[in-house]
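Dear colleague,

I am passing on the structure we spoke about, with my notes on it below. Please read the notes with the coordinates open beside them.

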Amino acid sequence: MPASPTVVVTGGAGFIGSHTCVELLGNGYELIVVDDYLNSSPEVFARIEKAAGRAVGAVYRADIRDRRALSRVFEQHRVDAVVHFAARKAVGESTRRPAEYYDNNVGGTTALLHVMADHGVHRLVFSSSCSIYGDAVAVPLSEDAPARPTNPYAASKWMCEQILADVCRRRPEFHVLSLRYFNPVGAHPSGLLGDDPHGQPANLMPCLAQVAIGRRARLRVYGDDYPTPDGTGIRDYIHVMDVAQAHRLALEHLPDRSGMHVFNLGTGSGVSVLELVAAFGDACGRPIPYSVEARRPGDVPVLVADARRVASAWGWRPRHGLAAMCRDAWRFQYLNPMGYDGPAGLAAAADVRL
Ligand code: NAD
Ligand code: WQD
């Protein structure tokens, strides 16, 4: 790849995409973002520029399933590689609207593959998910654990992986890395960027942050009768800045081997809901009120990564611990109480010490 590769980032306005843009801009990449703002806001680009000290080269508001619009993007730039984040990601919603999930996530990926191939672009980093492992038989989960998706969202990610593997089997010019993230949380340490989903968040960390800032009265803990030490669900939380850095390494390693290769992105450590509640309380300086409710349908007791493959392939490990994940998520929430589109908040004073 050239010294300053040009990378198309689909879904670059979203949570993980925006943090990855900062990481890539800081390392000399030229970026083209394609996003339809289904779950994000164009406000994020000023924040990206402020955090990175450089701007994204071009931004296109487009649905990636719109092949004409996507082709125009590839016609206007000499693209070296693609990082493909754009997808719908809410598990619960996917059970209510399965066709939309398959259409967006699978249809978006096949449209992208067509346009890439039409323009001679064959290098892709794909956002996959630990959810494809489903109800784990044994943890930690290595990449060789069987895929047993239990909802349409997870199934859509597994279908995309299978499509990508098929394309790579038949088209040796393709180089694809599929990164299976466990539970990305936290925020950029400046407080400029963070997780700001549209509507009610479904994930634990943004819910905790909204309780801490007073937007919700209490956290609902979904079940304390799991077969875990404190009875609450255990997950492998990973700082979004580590996830962003792993994407830079993935781009660096894409040329190494053709074909499709899969890596888990997790820390390898499990944290229960109540442990995260306590850690967040420490970060924000007050206990988080919560009530124990019924289990959330479809939840599994434990999901923890075996993260050794990426460590041995790239010599890379996540650097941030749980305290940093909570501190940074809280800083973002505190500085942006209503998110990117709310009142200016305190984000302008991003160097405020909390
Ligand atoms: P996000 O919703 O914040 O970001 C996704 C972005 O893609 C949004 O900006 C959205 O507007 C955009 N988008 C969606 N469909 C689009 C389309 N058809 N055309 C153009 N843009 C579209 O989500 P995120 O948390 O940043 O997740 C990024 C990727 O990582 C997704 O593929 C998700 O499935 C995957 N993933 C996320 C997690 C997690 O916990 N956040 C875990 C595992 C995998
Ligand atoms: C974590 C734990 C909940 C909210 C999902 C997707 C996965 C990946 C990450 C995309 C669980 C509990 C949650 C709340 C709670 N995303 N919880 N109260 O379900 O592990 O994973 O996001 O790929 O695919 O499935 O993440 O943050 O929703 O839940 O008690 O208000 O917190 O039951 O044990 P999950 P989560």
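Helices α7 and α11 are oblique to each other, because the angle at which they pack is about 55°, and angles that are neither under 35 degrees, nor over 145, nor from 65 to 115 count as oblique. Their axes lie 10 Å apart, α11 covers residues 322–335, and the crossing that α7 makes with α11 is right-handed. Please bear in mind throughout that this is a predicted model, and that every value in this message is computed from it.

A second pair of helices can be described in the same terms. Helix α3, residues 67–76, and helix α5, residues 98–118, have axes that come within 10 Å and cross at roughly 40°, which makes α3 oblique to α5. The crossing of α3 and α5 is right-handed.

Turning to the ligands, I begin with ligand 1, which has 27 residues around it, and of these Asp35, Ser40, Asn104, Tyr153 and Lys157 come nearest. Three polar contacts may be useful to you when you look at how ligand 1 is held in the model. A nitrogen atom of ligand 1 is 2.6 Å from an N or O atom in the side chain of Asn104, while an oxygen atom of the ligand is 2.8 Å from an N or O atom in the side chain of Lys89. From the backbone, an N or O atom of Ile16 lies 2.8 Å from an oxygen atom of ligand 1. Taken alone, ligand 1 exposes 820 Å², and the protein buries 96% of that area. The elements that give two or more residues to this shell are α1 (15–25), β5 (123–129) and α6 (152–170), and the largest share, three residues, comes from β5. By class, the residues around ligand 1 divide into 14 nonpolar, eight polar and five charged.

Ligand 2 has 19 residues around it, of which Ser129, Tyr153, Arg220, Arg235 and Asp299 come nearest; Tyr153 is thus named among the nearest residues for ligand 1 and for ligand 2. What lies opposite the oxygen atoms of ligand 2 in its polar contacts? A polar side-chain atom of Arg235 lies 2.4 Å from an oxygen atom of the ligand, a backbone N or O atom of Tyr222 lies 2.9 Å from an oxygen atom of the ligand, and a polar side-chain atom of Ser131 lies 3.2 Å from an oxygen atom of the ligand. On its own, ligand 2 has 680 Å² of accessible area, and the protein covers 90% of it. Helix α7 (204–213), already mentioned for its packing with α11, and strand β8 (219–222) each supply at least two residues of the shell around ligand 2, with β8 giving the largest share, four residues. The shell around ligand 2 has 10 nonpolar, five polar and four charged residues.

Finally, two features of the backbone deserve a look, and both of them are in loops. Val139 and Pro140 are joined by a cis peptide bond, with omega at about -5°, and Pro140 is found in the loop between β5 and α6, two elements that also contribute to the shell around ligand 1. Tyr37, although it is not a glycine, has a positive phi of about 60°, and its place is in the loop between β2 (30–35) and α2 (44–52).

With best regards

Note on methods
Residues numbered from 1 in each chain as written. Chains lettered and ligands numbered in written order. Predicted model: local features only at pLDDT ≥ 70, side-chain atom pairs only at ≥ 80, totals over all residues. Heavy atoms only, no water. Near = heavy atom within 4 Å. Polar contact = N/O pair within 3.5 Å; in protein donor to acceptor, adjacent residues only side chain to side chain. Areas by Shrake-Rupley, 256 points an atom, 1.4 Å probe, with all protein chains shown as cover. Nonpolar A, V, L, I, M, F, W, Y, C, P; charged D, E, K, R; others polar. Axes fitted to C-alpha atoms, helices over the stretch in contact; angles between N-to-C directions. Left-handed = near helix turned anticlockwise from the far one by under 90°.
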